[in-house]
Amino acid sequence: MTEPRPRSEPPDDGTSPPGGGTARAVDGSGPQEAELLRHLLRTPGYLKVLLFGALIGIPVSLAAFWFLVALHELEGFLWADLPGALGWDAPPWWWPFPLLLVAGVGVGLVVAHPRIECGHVPASGLNMGGASSAALPGVLLAALAALPFGAVLGPEAPLIALGGGLALLFRDLAQAPATPQSTALLGAAGAAAAVAAIFGNPLVAAVLLIEVAGVGGPQLFAVMLPALLSSGVGSLVFTGLGRWTGLATGDLSLHLPGPLPRLDAADVAWAVLIAVSLAAVLHPLLVGARALGGYVTARPLVRTVLCALGAALCAAVYALATGRSPIEVASSGQATLAAMAADPHAWGVGALIAVLLFKGAAYALCLGSLRGGPVFPALFLGAAAGVLLAPLPGLGVVPAMAAGMAAATATVLRLPVSSVVLVILLLGSSAMMPVVILAAVVAFVVSELLPAGRRTAH
C-alpha cells in the first residue's frame with residue numbers, strides 16, 4: 001500500500017481550540033465538533049485569514065488566467081499554426097522530436113540548476129505542501145518548457161504551486177504575520193483559486209485541495225473555508241476575464257452525443273471490471289514512473305532529454321502506425337478528450353489500442369522526468385479505455401467512458417472523492433453517478449492493495 005499522507009497539524013495561531021490538538025468534552029466522552037467550530041469562527045485571526053483568502057483569489061485568478069492563456073496559445077502555435085504555415089494540414093509524424101527535445105533540454109536545465117526549485121516530479125502525485133514564492137520562477141519556467149511542447153502532462157500541478165506561491169508572496173508584501181498555520185491556510189486558498197481556473201469549477205478545486213491536504217474534523221473546516229472562498233471569488237474573476245478578452249484557456253467540458261442513457265445492471269457490472277482492469281494496468285505504470293524519477297535525479301539534464309525523446313518516439317510511431325496526428329499521444333490530451341467524447345465512433349479499435357499503448361508509455365516517461373500534473377492524461381486514458389470496451393454486451397459508450405475516467409483518475413491521484421466530483425462535473429449530469437462512484441472506489445481500493453513500489457525522489 002502507498003504510504004499514508006501526513007495529516008496537517010491543527011492551527012495554533014487563533015484558529016484552533018484552547019489547549020491545542022483535539023478538544024474533548026469535559027467528561028472525556030469525545031470530541032466537541034460544534035464547540036470547536038464556534039471557537040474557530042469567533043477567532044479574529046481566522047477571520048482575517050478568511051478575508052485575505054477572498055482577496056487573494058482575485059490576483060491569483062488573474063495570474064492563472066494569463067498563465068493558461070500563454071500555454072494554450074503557445075501550444076496552438078507549435079502544433080497547429082506552425083505546421084499550417086509550413087504547408088501541412090496536420091503535424092507530420094516526426095514533429096514531436098524537435099519539440100520534445102526543446103522540452104527535455106529546457107526542463108533538464110531548470111532541474112539541474114542548483115539554485116532553482118522547479119516543483120516535484122509528477123509521478124509522486126499532486127502535492128500542495130511546501131508552497132513557496134521562491135519556487136515560482138523555476139516552476140513556471142519548467143512548465144512553460146514542458147507543457148506546450150508536447151509533454152504528456154497537465155497544468156494542474158504548476159497551478160497549485162503558482163496559486164500557493166502567489167498567496168504567500170502577497171502576504172509577505174502586505175507584511176502580514178507569517179506563521180506555519182497561516183502559511184498552510186493561505187497556501188491552500190491560493191492553490192484552490194488557481195486550480196479552479198483549469199477545472200472551471202470552484203467546488204472541484206476546493207474538494208481536490210482538501211483531499212490532497214488529508215485533513216478532517218475541525219481541521220477540515222479550517223482549510224475548507226478559505227479554499228472555497230478564494231476559489232469562488234477567483235472563479236468569478238476568471239470567468240469574467242475570459243469573456244471580456246475573448247481569449248481561450250482550454251475547454252474542459254465534454255459534449256457527449258445524444259441524451260445520457262439510463263443505467264442498468266450490465267453497466268454496473270462492467271464498471272467494476274473496468275475499474276479493476278484499469279487499476280491493474282495503471283498501477284504498474286505509476287510504479288515504473290516513480291522508479292524512473294529516481295533514475296533521472298542522478299543525471300537530470302541528460303536523462304530528462306532521453307525521456308522526452310522517448311515520449312516523442314511514442315508519438316511518432318503512433319502517427320506512422322495509425323495515420324493520425326501525433327498530438328493525440330503528445331500533450332495532455334485535454335482537447336483530444338473533448339473530441340473523443342463528442343464523436344467516440346470516429347476511433348477504430350486499432351487506433352484506440354494504439355493510443356492507449358503509446359500514450360500510456362509516453363505518460364510514464366513524462367511523469368518520471370518532466371514537470372506538470374497527472375490529471376488530464378489519466379482522464380484521457382480512462383475515456384479511451386471506456387470507448388474501447390463499450391461494445392461489450394449490455395455496456396454503453398457513456399457509462400463505459402464515465403467508469404473509465406473515474407477509475408483512471410482515482411488510480412493515478414489516489415483521491416477517490418475528487419475523482420468522482422471531477423468526472424460528474426465533466427459529464428454535466430449526475431445520471432452516471434452510480435457507476436462513477438463504484439469505479440472510483442473499486443479502482444482506489446485495488447490500487448491501494450497492490451505493492452506501492454519505490455517512492456520517487458522530489
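**Entry 1: the tryptophans**

I started with tryptophan 94, which is partly exposed, with a relative accessible area of 34%. The model I am reading is predicted, so I keep an eye on its confidence as I go. Next I wanted to know how many aromatic pairs the structure holds. The structure holds five. One of them joins tryptophan 88 and tryptophan 94. Their ring centres are 5.6 Å apart, and the planes stand at 80 degrees, an edge-to-face pair. I looked up tryptophan 88 as well, and at 34% relative accessibility it counts as partly exposed. Tryptophan 88 has a further partner, tryptophan 95. That pair is also edge-to-face, with 6.0 Å between centres and 70 degrees between planes. Is tryptophan 95 buried or exposed? It is buried, because its relative accessible area is 6%, under the 20% cut-off. I note Trp88, Trp94 and Trp95 down as one aromatic cluster.

**Entry 2: charges over rings**

Which ring does arginine 303 lie over? I found it over the face of tyrosine 295, 4.0 Å from the ring centre. I logged a lysine in a similar role. The charged end of lysine 359 sits over the ring of phenylalanine 380, at 5.3 Å from the centre.

**Entry 3: helix 13**

I then turned to helix 13, which covers residues 375–389. I checked its length. At 1.5 Å a residue, its 15 residues should span 21 Å, and the end C-alpha atoms are 21 Å apart, so the two agree. How many of its residues are buried? I get 13 of the 15, so helix 13 is largely enclosed by the rest of the structure.

**Entry 4: cysteines**

I searched for disulfides and found zero. Cysteine 314 is in none, and the nearest cysteine sulfur to it, in cysteine 366, is 8.6 Å away. Cysteine 314 is buried, with a relative accessible area of 11%. Why does cysteine 366 have no bond to cysteine 307? The sulfur of cysteine 307 is the closest cysteine sulfur to that of cysteine 366, but at 8.3 Å it is too far for a bond. A disulfide would need the two sulfur atoms within 2.5 Å. Cysteine 366 counts as buried too, at 0% relative accessibility.

**Entry 5: two residues with positive phi**

I checked backbone angles next. Most residues other than glycine have a negative phi. Serine 331 has a phi near 75 degrees, a positive value in a residue other than glycine. I placed serine 331 in the loop between helix 10 (300–322) and helix 11 (334–342). At 5% relative accessibility, serine 331 counts as buried. What does serine 331 touch, leaving out residues up to four places away in sequence? I listed Glu75, Gly150, Ala151, Val152, Leu153 and Lys359. Lysine 359 has turned up before, over the ring of phenylalanine 380.

Arginine 414 also has a positive phi, about 60 degrees, although it is not a glycine. I found arginine 414 in the loop between helix 14 (397–413) and helix 15 (416–427). It counts as buried, at 8% relative accessibility.

**Entry 6: after the last helix I looked up**

I followed the chain past helix 16 (433–449), where alanine 452 lies in the segment after it. Buried or exposed? Alanine 452 counts as buried, at 12% relative accessibility. I also paired alanine 452 with proline 284. They are 168 residues apart in sequence, and their C-alpha atoms are 8.8 Å apart in space.

**Entry 7: the whole chain**

I ended with totals. The chain has 16 helices and zero strands. Of its 458 residues, 53% count as buried. I looked at contacts between residues at least 6 apart in sequence, and 80% of these join residues at least 24 apart.

How does the confidence look? The chain averages a pLDDT of 83, and 81% of the residues score at least 70. Where does pLDDT stay under 50? I find that stretch at residues 1–30. The model still gives residues 1–30 a count of 53 contacts beyond four places in sequence.

Notes
Residues are numbered from 1 along each chain as its sequence is written. This is a predicted model: local features need pLDDT of at least 70, side-chain atom pairs count only at pLDDT 80 or more; totals for chains, interfaces and linings use all residues. Side-chain values use heavy atoms; hydrogens and water are left out. Helices (H or I, at least four residues) and strands (E, at least two) are DSSP runs, numbered from the N terminus. The expected span of a helix is 1.5 Å times one less than its number of residues. Buried means under 20% relative accessible area, exposed over 50%, partly exposed in between (1.4 Å probe, protein chains only). Rings of Phe, Tyr and Trp (its six-membered ring) pair if their centres lie within 6.5 Å; planes under 30 degrees apart count as stacked, over 60 as edge-to-face and the rest as tilted. A charge sits over a ring if NZ of Lys or CZ of Arg is within 6 Å of the ring centre and within 35 degrees of the ring normal. pLDDT is the predictor's confidence in each residue, from 0 to 100. Contact means heavy atoms within 4.5 Å.
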